[in-house]
Every structure is written in C-alpha cells, then in structure tokens.
Amino acid sequence: MPISRAAAATALAATLVLTATACGGGSTSGGGDNSSPGTLTYWASNQGTSLENDRQVLEPELRKFEQQTGIKVKLEVIPWADLLNRILAATSSGQGPDVLNIGNTWSASLQATGALLPFDAAALAKIGGKDRFLPAALASAGAAGQDPAAVPLYSMAYGLYYNKKLFAEAGIDKPPATWEELVADGRKLTTGGRFGLALEGGNVSENVHHAFVLAKQQGTDFFDPAGKPAFDSPGAVAAVKQYVALLGTEKIAAPGNAEYANNQSVTDFATGKAAMLMWQAAGANLKSHGMNPEDYGVAPVPVPAGATGDRATTSMVAGINLAVFKNTRNTDGALSFVKFMTGTEEQTQLNRTYGSIPPVKEAQADPAFATPELKALTDVLAASAKPLPQVADESQFETLVGTAVKNLLAAAAAGKAVTDESVRSELTKAQQQMPAK
C-alpha cells in the first residue's frame, strides 16, 4: 500500500475476536443516514496526498453517480490509522456505512466477522460479473471456497525501483534479477554515505509483505494447508533471515532504515541516498520529491536463480477492496454504487489519478497505464503476485510476524548477530501469540 496500515493491523489483532458474532439488526446511523433509499454513506480510505485531496478527487465522481441514479452519496474519507477501528466499531454496534473501502489483506479477517455482504453469484451479476476483474486481485477478496467479501477497487504490486544514473556510474547495465545479483550490485552502490537499497524496517506491514514473498521463494508459507500457523518453519526462518541480512550482514541498507516507518525509504531513494527500493506504485510519491519517471526504472523484485512456480513469486497482491456493509438498508443502491465505482470509466479515472493499477481488465487498455512503471507492475500483478494468506487470523499474522521482523532488524542495526536461532525464537514467540483454535 502507498500508506502504512501497521496501526490498523495492530488494532485488528487486538480486537477482531470481539466482533465474531457482530451484525445484528439494521442500521440507521453510524457513517450517516443510510435508512433513506435515496442516500448512501461511503467510507473511503486515504489514497491521495491528504484527506482533502481525496475529497477533491471523489466528490465530482459521486455527483456523477447521483446524476445517473438519483442516489446521493455522503462521503467520509478516513485515515488509515483510524479506518480499521471505525470498521470494528461499526461491526460490533451494527451501525456503519453502506459501502466502505478496506485494505485487501483484511478481507478474510473481516469476512469472518459476518459484517460484510457476501458477493455471491447474484451480487456479482449485479455489478457486471466476476470475469471483469483480474484473477489475482479477486483472489485477495476473502477466504478460498467462500463468496468474496469485497471486490477489488485499486490494485498495486511491488517492484524493484532502481536509479538509472547511479547504476550507470557504478557500471551496472541492468537491474538485478536474482538476490545474488542484488547483493552484488548493492555492494557496488554502497559508497560515500549512499546505500545500495532502502528498507522501511520500522513499518510492520512492509516487513511482513517482504517476509511473505521470500517465504514463497523458499517454497513455504506461514500457514500450513489446514490454516494453522507455521511461523517458525525452516523456510520461514530462512526467508526472514535473508531479509534482515540485507541490513545486517550484507550491509547494503543503512542501519537507520530499521527505524523507518513513514515512507522515509521512498524519500531516500528519491534524493539519491539509496540506489534501489522495493515498493508499491511509488511514482506519485517520487514525483512529489522531485524525481522524474525517466530517472528510474522498475523491474520485478529478484527471485532465486532458476525459480519457477510459487518460488518465482515477486510480490504480494496489494490494493484496496470495496465492500458493502451487511446491515445496509439499501442493498440495491449499494450494489449500484459498487458497479459504478468498478465500471471501466471510473476505474480508469480513479486509478489514473491515484497512480494505481485498475483491477478491472478493460480499464487497463487506457494509455495512462502503459507507462514503464505501471506496465512493469501490471505484469507483476498478472504473472508473479500471490495473495497473502486468506485466513481469518491473517491480520494477526501481519502484526505479529511484521513486528518480529522489525525487532530483528533493530537488533541487526545495533550490531547484534541475527542467527537461525534468534530468528526462530522471534517467530516462535509470534506464533505463540496467535489466537488459540
């Protein structure tokens, strides 16, 4: 995500269990008056540079929907730090919005509360059918074998951003395709106070995303086939140790990166303090720091040499989903709004504005998404991205494993050895804090 959801994930880990039996009767309050068939309440996540920027982007589109349908939409843009707490309060009280944005990695966890309207065959038909969406994006909308709890709205994927000028000065003629190449290039680029790679080590969400990808490359998952945590398996330990080593033993990332949690790594890359960055759709952020698109390239995140199948995973499926609150008194109107927001015209307009990838396939034909950056990320999303575990305890997993990686990066930054044993110990402690089954 372009904005950290670490605080929100922490809130979910602490309180999700309280909402398991939520969603009783209908709602007439919460985000607004959703008792009127002519009015919907929409909670949008902060996608732009500010809450006001989002209102400026969305309000003209909502007026367009009102002109087409006669349904007025009351908009509230909610910061990521507050969004999940607001959703949880709504699910426990039964008073919430009609339609809301959720981080796609929350889908299975919120699905388990029963708070969201399932997108069964009938609901999907009302919004144009599931075949309009990228399969990878739709796979991150709820647990396997169940009707999706939401539908994709904005999609993103991780890519390896590299500074073309710094690569040329170091005599590197192409981006690294394997981890061995990345480390070798990173060493060449780490000189004179500059580092080869920037990490966001204090950001719990970023940490777990990279740990997930590296675990897939190790041929393992953080949950076994039965959905039970397997955080301290040999493959998971190897994956986390490999990531921490980029700052620790390899020393191609600055020790201070262990504390970064507010997009400082993007700033370091944009200002030439680091030559590489693994990030989601960073273009708009880089531009705001004065870096032009021609100054950098985007390639898939490296994989092990010769990797195929899941071992060639280069990104988690990132993005924002659109859900309908089950207690809405205007299901037809809410689904009409979802159909509007996921229509080709709106998908083109909104994803173009936010610099994200349309999860609706038809919208990707627009030239706006043919920039080198977005083309590279779209290819990743289609070919080598996998959804985070779609299990009810997914958000607890994000918080606990992401925090374990944060602790290990802090230890490495302090000059402490990070060993198989120390990594396994942190991951075992994380697993022990998962809800009992």
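**Strand β1 and the nonpolar core**

Within strand β2, Val73 is the bridge partner of Leu40. The model described here is predicted. The pairing of β1 with β2 (residues 72–78) is parallel and extends over seven bridges. Between these strands lies a connection through a helix: β1, helix α2 (residues 51–69) and β2 form a β-α-β unit that is right-handed.

Strand β1 also pairs with strand β3 (residues 99–103), again in the parallel sense, through two bridges. Here Tyr42 has Val99 of β3 as its bridge partner.

The surroundings of β1 were examined residue by residue. Buried residues are those with under 20% relative accessible area. By this criterion, seven of the seven residues of β1 (residues 39–45) are buried, and the strand is therefore largely enclosed by the rest of the structure. The burial applies to both faces of the strand. One side carries Thr39, Thr41, Trp43 and Ser45, while Leu40, Tyr42 and Ala44 lie on the other.

The largest nonpolar core of the model comprises 132 residues. Tyr161, Phe222, Leu246 and Phe337 have the most contacts inside this core. The element that gives the most to the core is helix α16 (residues 394–413), which supplies eight residues.

The contacts of Phe222 were listed without residues up to four places away in sequence. On this basis, Phe222 touches Ala211, Phe212 and Ala215, as well as Lys228, Pro229, Ala230 and Phe231. Further contacts of Phe222 are with Ala236, Val240, Phe397 and Val401.

Terms used
Residues are numbered from 1 along each chain as its sequence is written. This is a predicted model: local features need pLDDT of at least 70, side-chain atom pairs count only at pLDDT 80 or more; totals for chains, interfaces and linings use all residues. Side-chain values use heavy atoms; hydrogens and water are left out. A nonpolar core is a set of buried Ala, Val, Leu, Ile, Met, Phe, Trp, Tyr and Cys residues joined through side-chain atoms within 4.5 Å. Buried means under 20% relative accessible area, exposed over 50%, partly exposed in between (1.4 Å probe, protein chains only). Helices (H or I, at least four residues) and strands (E, at least two) are DSSP runs, numbered from the N terminus. Contact means heavy atoms within 4.5 Å. Two strands pair if DSSP finds at least two bridges between them. A crossover is right-handed if, with the strands pointing away from the viewer, the path from the first strand over the helix to the second runs clockwise.
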